[in-house]
Amino acid sequence: MASGLRRNDSPCGETHQTIVVVGGGVAGMHAALQAADLGHSVVLLERDLALGGHMAQLDKTYPTLDCSLCILSPRLLPFGRHPRIRVLVRARLENVEGCAGSFVCTVTQEPAFVNAQKCIGCGSCARACPVERPDPFNLNLGPTKAIRSLYPQAFPSTHAIDRRYCLHFQGEDCRRCAEVCPTGAIDFAERPRVMDLEAGAVILAGGFDLLDRRDIAHPHWFDSPHVVTNLALERYLSATGPTRGVLHPRGLSAPPRHLVFAQCVGSRDPVHGVPYCCGYGCAAALKHIQLTAALPHVERITLCAMDVRAHGRDCEPFFRRVQAMDKVCLVHGRVAEIVPLGTDRGVEVLASHGGFPWRTHADLVVLAMGMRPSEEALRIAKALGLQTDPFGFVRIKEHHTVHTSRDGIYACGAFMGPKSIPSAVQEACAAAIAAGARLTALPEAVPGAVPEPASSPGTEAAPDKTTDESGRIQPHQAASESALQIGVFVCRCGTNIAGVIDTADVARWVKQFPDVAYAAENLFSCSTDATIRMARIIQEKGLNRIVVAACSPRSHLPVFQEVLAKAGLPPGYVRMVNIREQCSWVHADRPHEALVKAKALLAGALAHVRAARAAPPMALPITPSALVLGSSVAALTAALRLADNGIHVLVVESGDTFGGRLSQAYFGRPEVNVDRLYRHFLSRLRTQPRLRVLRRTELADCRGSLGHFQLELRRLSEGASAAERIQETVGAILIAVGADVWKPANLYAYGRSPLVLTQADLAAALERGTVDLTQAQRVLMIQCVGSRNEERPYCSRSCCQQAVSHALELKERFPQLHITILHRDMRTYGLTEIIYEKARQAGIRFLRYDEKRPPRVEPTRFGRRATVDIRWDDPDTQGSFHERVDLLVLSTATVPSPENRHLASILRVPLSADGFFLERHVKLAPVETAVEGIFIAGQCHSPKTISEALVQGDAAAAKMLAVLRQGTLHRAAFVASIDPGRCSRCLSCVAVCPAQAIRVPAAGPLRVDPGACQGCGLCAAECPSRAIDLAGSEEDGLLRGMPSVFCA
Amino acid sequence: MGATMEHTSTEIPLLRGDAGFAQEVTEGPGGDTLPLCYQCGTCTGCCPVGAVDDAFSPALIIQWIRLGLRERVLGSPKIWLCLQCHRCSFSCPQGVRFADINGTLRHMAVREGFVDAATAEKLAAVEKDLAALRCAVLERAMGKDPNTTPSTDELVREALRDLHG
């Protein structure tokens, strides 16, 4: 939105074309990558030795329980080779002078005493170093050396000397690292550097620190080895942690049997200056419970929480599953005291359950530590004169998403407030596109060349000749196809694979195959130094086919395709075989059989790679225009952002009115002025020439693929009898159709009594002025109506904030009211915890009920007065309550729009089990869908607040713009191809293709549209003439590989 | 989970709650912190009386004050068991001064006739004697070899003999 408001600050000098991103955690990394994808030059500053931040310290991420480094490392690798990104580690931003468009950033860089150009990250220096010291990456729970890399897969992998521990800098004569370094990279004379960087915009992503013992009421808890923080637990569970992934913290004589998770340690604690909620502590605890419950030595797990805040995407279903586990019990109360019971006898945990004293014994207590903005972030905010809130979080300009109080300086991630990873990633993308507006406008996107009809790629006769879109033959990079030289890399993945499977034996064994020219192990194949080494080995040894035996191709195949690209080989010549998820992780108790299976799988992969086709690049032209479905908050934000950046946008709204929630009443705290926002959008819609808006229009059909979606729209204008058909072609599509508020039919007397309203009804009535409670005495609100149950197991996220805001509004207007809110957990997460405190101060009361015994509601009369009687049971005691009110307000669920199913089938995008649109990856691809070129934003993805929808709209716009400005995309064609000589035109393939990628011309052979083909292989499996083959899974390879796999 | 402070499972009528009760308590010392409570139960968890009497709950007393349950609170014998150690006030993350509020409750209980003034005085005197007895018992226990220390009951008898001759 700031992009449309050109302010009066003429730059002090010429506009600089670089964006400086401060902070190399998940938010900073994504901001840098997104800005670079949008065509800008980026400098990324990181205070520590390498990128990754706290996310690199996590073992598994919630809710998919992906290994954190596995989803992060594919994002780390682009930094090593991206022409537009420069990474400076051990760097601090000291100051920023100038104004938006022409900043000068003063940066200091600490010396590593290791030459980054020469260091290959081999680690010989660390192995030779005689000095052991506590490892800060492992929270000082284990040792590292005076010279070290941050963690094994770190980027940059350059090692660095900490002069506080290094003997050389203490005056002693030690040069062991220099002696063993194979490239002579050690440089004791390196000096700190000071640089002035010119930047057009700055993005701050300084992140957070966990609280420590000085911040909590009971610092002595940390003296017991039986008490750890949640981050320490991540390190203990991690294969690169102090105990190599075995949950046996030092100081305990045996692995723990009874675990207690203590929530809100230091959070929601005004007395100690942290009144807000950390936002992720409950999700993290649930994840930890799921992971530790699977350990055989764990017998019992207790979660002690005041409220369990499972408000995130998919969090509530996760919570329901965890709660149902036999080993797990939930206690409604905060841990009050932890008493050590003498040497190695564990501790006693004192808390309360539902108000009554409660205690248990525990071997391990995991504290959910609160968080605050990092030291570095606080220092920078102060140095730059930014407005912050009382807790140090940077303040964002009203109605903006990522803009700080200083023009040209943006923020994202935990520096803005307690945050989950998906939110941080979305904010990072939003910051990238917002910052880009500060630089000179990039050249308007040009449409790519329209393709000629493609002839089918190579047949059996000429396996190494391939055609591109215009019919020219592409020669291979590898000149001689006479002899296959297969290289096999067997990954140890730390101890994840090597702990079960003897990877050295596998590497030795595979050399028996005559065409295997090279075989070796890697500790972590995905680390930067490993990928560089692999590319070098491929070139040196003349390898022309590669097999990587490691983890899942879903996450890592692109990594190894990059390695091949670096080595000059086409991407089709690498295959991965999964000996981790499919072998070592599931057969950890049978190592002998696991080894046999790994070898069988590997033999099968060798057969695949022998039959592999090159899959040369195809050219996808990109039309620089977009379709936005819906006119919600997210839709309008994205549409305007794209249009401002040169993209022609068509906004299609099926109803009569714009704005979704914006056209409804809203009382939110912290205040969002919905009126102003709505009027701002309307005026911008009218004045942005690249934006077209169609009302009463629906999407009827969609063909084609990324860059070239052919749409058919149907528009029913007022007074017209028949619908008008409109054809359009766009490059990308955004689904932002919003969601609905559930109106219960005859639940809690809704519909029977005029005194029972939904929160939406109440807001509308308050705005119209039809709420008159001057004679009323009592009000009750019921939370979680229609949510968090069997039918809708998700949490609708914004209703606790909304109920509290409405209750405060009512109390302000009618101070005599007694207002009670009946809840199952109060989920005022993050900074909204502050309004929960305000509500209690105003005298609003909060009582609990549970799902099994919901309130019983009856409309009644008191003489001539209509009232509503509510009765419910207290979940934790024998007691029950009875209330009689003049107004009952139901906080009902947010439900997916009924048009979702129809849209999903036209666009072929998946829906979640609850009917919302499903993103490609919860953590790192929160606005993309499984179909390339189709994006989602706003409540159609999951329930969220208006501010969150604004951010997601910006994030989607950033992703779309990065694609739409490409002109032509070149990528490997891992697609199906039909041999016209064998095809009998039975059309079975057309019937099964989920992507509708097969063209059936009136005359001539059937053709696969390479842009639309997803490479699923259904057509190849279905074809009775065996006329279809799939690059990437060639049938010949699969058939030849089967005997090895099944007859081991 | 622990008996309610009333022995049967009764239904609490919120509409008959006495709003004036909460107001009066709020006006007493520490009472301004009363509305802040978010029922985390930290006070109950760390309370030394709660450790030996699992029906004693400062958190529930706070809740009942806010619900206006005057008779239930002021008529309960439990408010006289509070040690006034202030562990609750110290541990409360919201700064609710339960110990001070409990003092207000005792005042109100006497003033409104739930407990007569003479009994209240007697209780105060008993607390004082108990404090002296406690110190005597602990000092006796300290002087002995832990393996041969007599039981607490025996120590109490010995201390009583010391105190009263």
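How many bridges join strand β32 of chain A to strand β38 of chain A? In this predicted model, there are four, linking residues 625-629 (β32) with residues 732-735 (β38) in a parallel arrangement. Within this pair, A:L629 has A:I735 of β38(A) as its bridge partner.

Both strands belong to an open, parallel sheet of five strands in chain A, ordered β34-β33-β32-β38-β49. Its edges are β34 (691-694) and β49 (934-936), each of which pairs on one side only. From one strand to the next, the twist averages 20°.

Two helices of chain A contact this sheet, as tabulated here.

| Helix (chain A) | Residues | Strands touched | Angle |
|---|---|---|---|
| α15 | 633-644 | β32, β33, β34, β38 | about 160° to β33(A) |
| α21 | 946-964 | β32, β38, β49 | about 170° to β38(A) |

Chain A also meets chain B, in a contact made by 41 residues from chain A and 39 residues from chain B. The buried area is about 3,300 Å², and carbon and sulfur atoms give 61% of that area. The two chains share 17 residue pairs in polar contact, counted where both residues are at pLDDT 80 or more. On the chain B side, the elements giving two or more residues are β1, α2, α3, α4 and α6; α2(B) gives the most, with four residues. By class, that side has 21 nonpolar, 14 polar and four charged residues.

Strand pairing crosses the interface as well: β46 (residues 880-885) of chain A runs parallel to β1(B), joined by three bridges. There A:S880 is the bridge partner of B:E11. B:E11 also forms a salt bridge with A:R871, with the closest N and O atoms 3.1 Å apart. One salt bridge is found across this interface.

Conventions:
Residues numbered from 1 in each chain as written. Chains lettered and ligands numbered in written order. Predicted model: local features only at pLDDT ≥ 70, side-chain atom pairs only at ≥ 80, totals over all residues. Heavy atoms only, no water. Pairing = 2+ DSSP bridges. Axes fitted to C-alpha atoms, helices over the stretch in contact; angles between N-to-C directions. Contact = heavy atoms within 4.5 Å. Buried area = accessible area lost by both parts, 1.4 Å probe. Salt bridge = Lys/Arg side-chain N within 4 Å of Asp/Glu carboxyl O. Polar contact = N/O pair within 3.5 Å; in protein donor to acceptor, adjacent residues only side chain to side chain. Nonpolar A, V, L, I, M, F, W, Y, C, P; charged D, E, K, R; others polar.
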